[in-house]
Amino acid sequence: MKMNPSDHVKLVQSHASDSRATGTVNGSGIDTKGFKYALVLLNAGTVATGGTLDVHVEESSDDAAADAYADISSASFTQVTPSNDNASYAMEIRLSQSNIERYIRVVGVLATAGGDYSIDVLLFNPDQSSLQTTVYTEV
């Protein structure tokens, strides 16, 4: 029996690749139920001269229906500036060991000048209850 890696990983696009003006962009809520880890992937393009990009992760128990999103302590990337842009960054969040609430979202903030970036979230190491197995037959 062969295991399909996609049965153990869920890829979610938080912020599509785009050139953005200054301001805050909230990603959509991501349901992490059944997964033990989230890997947040920041692909920073060019940040305009004088600009900064700050990216952090927030949590909510109900995707902001009654529980507003709030920052997750220590879940932020190093600030991206023109001196460290055009690079990829990754941050692992241990969902099951950190008392993280069920929903997370990623927030990007460009200040002073615009820039390009994208953010993806990879959920992995599912609990057995959320594990879907696909059986492949060798030919």
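**Strand partners and buried spots**

Guide: Let's start with Glu-58, which sits across from Arg-105 in S8. This is a predicted model, where local features need pLDDT of at least 70, side-chain atom pairs count only at pLDDT 80 or more, and totals for chains, interfaces and linings use all residues. Numbering runs from 1 along each chain as its sequence is written, and side-chain values use heavy atoms, with hydrogens and water left out.

Visitor: What makes S5 and S8 a pair?

Guide: Two strands pair if DSSP finds at least two bridges between them. S5 (residues 52–60) and S8 have nine, in the antiparallel sense, so they pass that cut-off. One of the partnerships puts His-56 with Val-107 in S8.

Visitor: And what is a strand here, as opposed to a helix?

Guide: Both are DSSP runs, numbered from the N terminus: helices are H or I with at least four residues, strands are E with at least two.

Visitor: How do you know that S3 pairs with S8?

Guide: S3 (residues 30–31) is joined to S8 by two antiparallel bridges, and at least two is what pairing asks for, so S3 and S8 count. Asp-31 faces Tyr-103 in S8 there. S2 (residues 23–26) also runs antiparallel to S8, with four bridges, and Gly-23 has Leu-110 as its bridge partner.

Visitor: Why is S8 called largely enclosed?

Guide: Because seven of its nine residues (103–111) are buried. Buried means under 20% relative accessible area, exposed means over 50%, and partly exposed lies in between (1.4 Å probe, protein chains only). S5 is mostly covered too, with eight of its nine residues buried.

Visitor: Why is Thr-52 in S5 called buried?

Guide: Thr-52 has a relative accessible area of 15%, and the cut-off is under 20%, so the label fits.

Visitor: Which residues does Thr-52 contact, leaving aside neighbours within four places in sequence?

Guide: Among them are Val-47, Gln-79, Val-109 and Leu-110. A contact means heavy atoms within 4.5 Å.

Visitor: What makes S6 a partner of S5?

Guide: S6 (residues 70–76) lies antiparallel to S5 with three bridges, and that meets the requirement of at least two. Glu-59 is partnered with Ala-70 in S6.

Visitor: Now to Ala-38 in S4. Why is Ala-38 called buried?

Guide: The relative accessible area of Ala-38 is 0%, so Ala-38 falls under the 20% limit. Not counting residues up to four places away in sequence, Ala-38 touches residues including Met-91, Ile-93, Ile-104, Val-121 and Leu-123.

Visitor: Which strands does S4 (residues 35–47) pair with, and how do you know?

Guide: By bridge counts again. S4 has ten antiparallel bridges to S9 (residues 115–126) and eight antiparallel ones to S7 (residues 87–94). Tyr-37 lies across from Phe-124 in S9, while Asn-43 faces Ser-88 in S7.

Visitor: What is the confidence like across the protein?

Guide: pLDDT is the predictor's confidence in each residue, from 0 to 100. The mean for the protein is 90, and 88% of its residues reach 70 or more. Residues 133–137 stay under 50, and the model gives them ten contacts beyond four places in sequence.

Visitor: Why shouldn't coordinates at low pLDDT be read in detail?

Guide: Low pLDDT is low confidence from the predictor, so those predicted coordinates should not be read in detail.
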